[in-house]
Amino acid sequence: MRGHLRNTDGITYLALMFSIVLIGISVSAAARQWTVMVQREKEADLMAKGIEIQNAIALYSNTMKIGRILPSEIYPQSLAELTRTPKPYLRRVYQDPMSGGDWEYMRAPTGGIMGVRSKSKAKPIKERDFPLAVRHFEGRKTYHDWMFQHPNPSSMSMLMPPMMGLAPGTMPMQPGPQGSAPGAPPTPGPARNP
């Protein structure tokens, strides 16, 4: 009887150890999944706030250039300047979502802030299929390489005809009615009797 009890004690002990190992593995996997989920949320927040700041700087610059003889870019001296009433360009001054602190400012050669970027050197989860406003982020290795700035490299490439494979001053051919190019005179069709 004593030998039988020793065997069941050993089996119970092994089953308990096996259960503890399984619980440890599942907790570890859940922790990794949670970390990735939190990073994805911070990354999405970084993208949204960065694009908002980028757009606010562009709007500020374009508004300040109105009526000037030289159309050079004019940049705010701080992000707080973008939130001033009566016409705020930015809802509020955001913190860097990845580091939780201040952004790293990208200073313009003429003075002022032309953009921001995260201080985080972590590797991003998202590597492709960026929104048009930041499609120049493809292939960047860290969040620090994501530069939200004006002028924006992504929008600059959209304005340049050579990027579309066209000669300057030409329009792309698009099929119109009966395969004609836009702006071309319509080709006469068979005459109809009313």
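Start at the turn. Select residues 104–117 and find the hairpin that E1 and E2 form, with five residues between the two strands. Pick out Gly111 in that turn: its phi is positive, at about 105°. This is a predicted model, so every stop on the tour is a prediction.

**The hairpin strands**

Now color the two strands separately. E1 covers residues 104–107, and E2 covers residues 113–117. They pair in the antiparallel sense, over four bridges. Select Tyr105 and look across to E2: Val116 stands opposite.

**The whole chain**

Zoom out. The chain holds two helices and three strands. Follow the sequence from its start and the order reads α-β-β-β-α. Color by burial next: of the 194 residues, 28% count as buried. Switch on the surface. The accessible area comes to about 13600 Å², and carbon and sulfur atoms account for 63% of that. For contacts between residues at least 6 apart in sequence, 52% join residues at least 24 apart.

**Confidence**

Color by pLDDT. The chain mean is 81, and 76% of the residues reach 70 or more. Among the elements, E2 has the highest mean pLDDT, at 96. Helix H2, residues 153–159, has the lowest, at 64. Then select residues 159–187, where the pLDDT is below 50. Beyond near neighbours in sequence, this stretch has 11 contacts in the model. Where pLDDT is low, the predicted coordinates should not be read in detail.

**Down helix H1**

Select residues 2–65, which make up helix H1. Go to Met17, found in this helix. Is Met17 buried, partly exposed or exposed? Its relative accessibility is 35%, so Met17 counts as partly exposed. Add Tyr13, Leu14, Leu16 and Ile20 to the selection. Together with Met17, they make a nonpolar surface patch of about 530 Å².

Move along to Asp45 and Lys49. Both lie in H1, four residues apart, which is about one turn of the helix. Show their side chains: they meet in a salt bridge, 3.1 Å from N to O. The partners differ in cover. Asp45 has a relative accessible area of 30% and is partly exposed. Lys49 has 17% and is buried, because the cut-off for buried is under 20%.

**More salt bridges**

The structure holds five salt bridges. Side chains of opposite charge can pair when their charged atoms come close. Select Arg91 and Glu52 for another one, at 2.9 Å from N to O. This pair links distant parts of the chain, 39 residues apart. Arg91 sits in the loop between H1 and E1, while Glu52 is in helix H1. Arg91 counts as exposed, because its relative accessibility is 68%.

Next, select Glu73 and Lys65. They also form a salt bridge, and their closest N and O atoms are 3.2 Å apart. Glu73 is partly exposed, at 25% relative accessible area. Lys65 is at 19%, so it falls under the 20% cut-off and is buried.

**Gln54 and its surroundings**

Return to H1 and select Gln54. How accessible is Gln54? It counts as buried, because its relative accessibility is 3%. Which residues does Gln54 touch, leaving out those up to four places away in sequence? Show Ala133, Val134, Met147, Phe148, Gln149, His150 and Asn152: Gln54 touches each of these.

**Met147, the last stop**

From that list, keep Met147. It lies in strand E3, residues 147–149. At 22% relative accessibility, Met147 counts as partly exposed. Now display its contacts, leaving aside neighbours within four places in sequence. On the list are Gln54, Met106, Val116, Arg117, His136, Phe137 and Arg140. Three of these names lead back to earlier stops: Gln54 belongs to H1, Met106 falls in E1 and Val116 in E2.

Finish with a distance. Draw a line between the C-alpha atoms of Met147 and Ile51. The two residues are 96 apart along the chain, and these atoms are separated by 9.7 Å.

Methods. Residues are numbered from 1 along each chain as its sequence is written. This is a predicted model: local features need pLDDT of at least 70, side-chain atom pairs count only at pLDDT 80 or more; totals for chains, interfaces and linings use all residues. Side-chain values use heavy atoms; hydrogens and water are left out. Two strands pair if DSSP finds at least two bridges between them. Buried means under 20% relative accessible area, exposed over 50%, partly exposed in between (1.4 Å probe, protein chains only). Contact means heavy atoms within 4.5 Å. pLDDT is the predictor's confidence in each residue, from 0 to 100. Patches are made of residues with over 30% relative accessible area and no salt bridge: like charges are joined within 9 Å, nonpolar side chains (Val, Leu, Ile, Met, Phe, Trp, Tyr) within 5 Å. Accessible areas come from the Shrake-Rupley method with a 1.4 Å probe; for residues, only the protein chains shown count as cover. A salt bridge is a side-chain nitrogen of Lys or Arg within 4 Å of a carboxyl oxygen of Asp or Glu.
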